[in-house]
Number of protein chains: 2
Amino acid sequence: MSAHDHAVCLNTALSRADALCERRGVRFTPIRRKVLELIWANHESIKAYDLLEALKDFDASAKPATVYRALDFLIEQGLVHRVETLNAFIGCQQPDIRHDLLFLICLECHTVEERSTPHLSQAVASELASARFTAKAQTFEILGRCQSCALTGGD
Amino acid sequence: MSAHDHAVCLNTALSRADALCERRGVRFTPIRRKVLELIWANHESIKAYDLLEALKDFDASAKPATVYRALDFLIEQGLVHRVETLNAFIGCQQPDIRHDLLFLICLECHTVEERSTPHLSQAVASELASARFTAKAQTFEILGRCQSCALTGGD
DNA sequence: TTTGTTATGTTATATTATCACGTATTGAGA
DNA sequence: TCTCAATACGTGATAATATAACATAACAAA
């Protein structure tokens, strides 16, 4: 991820979440909000137990269930995605839109880029149709090396 | 998966694996072969510890590492796929071909169907190109309900 | 047959995730 | 305002998944 003012990302994510929860009438409790804030600390995915460690500075009594419950809520509301290939979590960049997402996961800088593309959606939709398969959930993840690591990195 | 003579699937998978390992000069040891055989018991994915239980009938001293090592080998050789969304494993239907695979995972009968499609590959390739991202590994998985469960099943 | 490499045996432990049950908060309706 | 039901959280235990570390065994090439 190129240099940017990350405070903007963070604030945008949090205020979108505020609005979204308000609109839906669901409770955006302090723990849930703090967990989302910690996830948005940067553009890297974070693991549940790392999140737990960070959360303890905010709430010393935090336990695994504390984190997993908050994650369940955030994922259910579409505010966070689970990265299956890493058993990790990442903030959703477009929580209001429903679409097929493709995650580009850099193994060097650990940044996760979220992309959506009509071509991919169409290809998937036509596969599903021809298989007569009804989708409930999808995971599209690619591990590799991002542009900026390719530019700066060795190897 | 519709009714079929599964012994054919199993034998095909095993003899392909024999040939492939021979050709590559890698060792297809009894444990590795047995693990592959157990994975191919049906078209459902199987979890590592279930595999371990089954393996114990063959080798009472089997331990987690026994299974995970065999799985590492089989995956490396492309004989087995890891299903990320289930933390489970499934036999590869086309171990000789390299392509982008889409897994259709039925949540009712647990069957995993492996599909490959040029449209999907193209859509992915063009996303990667536009993101200037170099892929090392990919996961495309869809969870849902397969055709035969839709026909026979209730809700 | 020696020797280096690869595979396996074995014990321990790390990592990831859920359960169960009790208490506290919340907010809607009486 | 009070009550009640639903939801969220606290807490301890444990389940499920996976790897580390180090010793021994099997193999294959010289």
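Visitor: Where in chain B does B:Arg132 lie?

Guide: Welcome! In this predicted model, B:Arg132 belongs to the loop between helix H5 (118-131) and E5 of chain B.

Visitor: What makes B:Arg132 buried, exposed or partly exposed?

Guide: Count the neighbours: 13 other C-beta atoms lie within 10 Å of B:Arg132. A buried residue needs 20 or more, and an exposed one has 12 or fewer. The count of 13 falls in between, so B:Arg132 is called partly exposed.

Visitor: What is the phi of B:Arg132, and what sign does that value have?

Guide: Phi of B:Arg132 is near 55 degrees, which is a positive value in a residue other than glycine. For background, most residues other than glycine have a negative phi.

Visitor: And what about A:Arg132: where is that residue found?

Guide: A:Arg132 sits in the loop between H5 and E5 of chain A. Its phi is near 55 degrees, a positive value. A:Arg132 has 13 C-beta neighbours inside 10 Å, and therefore counts as partly exposed.

Visitor: How do you know that E5(A) and E5(B) pair, and in which sense?

Guide: Pairing requires at least two bridges between the strands. E5(A) and strand E5 (residues 134-145) of chain B have 11 bridges, so they pair, and the sense is antiparallel. As one position to look at, A:Gly144 stands opposite B:Ala135 in E5(B).

Visitor: Which strands form the open sheet, and in what order?

Guide: Six strands form the sheet, in the order E4(A)-E3(A)-E5(A)-E5(B)-E3(B)-E4(B), with mixed pairing.

Visitor: Why are E4 of chain A and E4 of chain B called edge strands?

Guide: Each of them pairs on one side only. Between neighbouring strands of this sheet, the average turn is 20 degrees, direction ignored.

Visitor: How do you know that E3 and E4 of chain B pair?

Guide: The cut-off is again at least two bridges. E3 (residues 101-106) of chain B and E4(B) have five, so they qualify, as an antiparallel pair. Here B:Ile105 stands opposite B:Val112 in E4(B).

Visitor: Which strands does each H5 helix touch?

Guide: H5(A) packs on the sheet, touching E3 and E5 of chain A together with E3 and E4 of chain B. H5(B) lies across E3 and E4 of chain A together with E3 and E5 of chain B. The direction of H5(A) makes about 125 degrees with that of E4(B), while H5(B) runs at about 125 degrees to E4(A).

Visitor: How many residues does each chain bring to the contact?

Guide: Chain A and chain B bring 32 residues each. On the side of chain A that touches chain B, E5(A) gives the most, with 12 residues. By class, this side has 15 nonpolar, nine polar and eight charged residues.

Terms used:
Residues are numbered from 1 along each chain as its sequence is written. Chains are lettered from A and ligands numbered from 1 in the order in which they are written. This is a predicted model: local features need pLDDT of at least 70, side-chain atom pairs count only at pLDDT 80 or more; totals for chains, interfaces and linings use all residues. Two residues are in contact if their C-beta atoms, placed from the backbone, lie within 7 Å. Helices (H or I, at least four residues) and strands (E, at least two) are DSSP runs, numbered from the N terminus. Ala, Val, Leu, Ile, Met, Phe, Trp, Tyr, Cys and Pro count as nonpolar, Asp, Glu, Lys and Arg as charged, and the others, Gly among them, as polar. Axes are lines fitted to C-alpha atoms, for helices over the stretch in contact, and angles run from 0 to 180 degrees between N-to-C directions.
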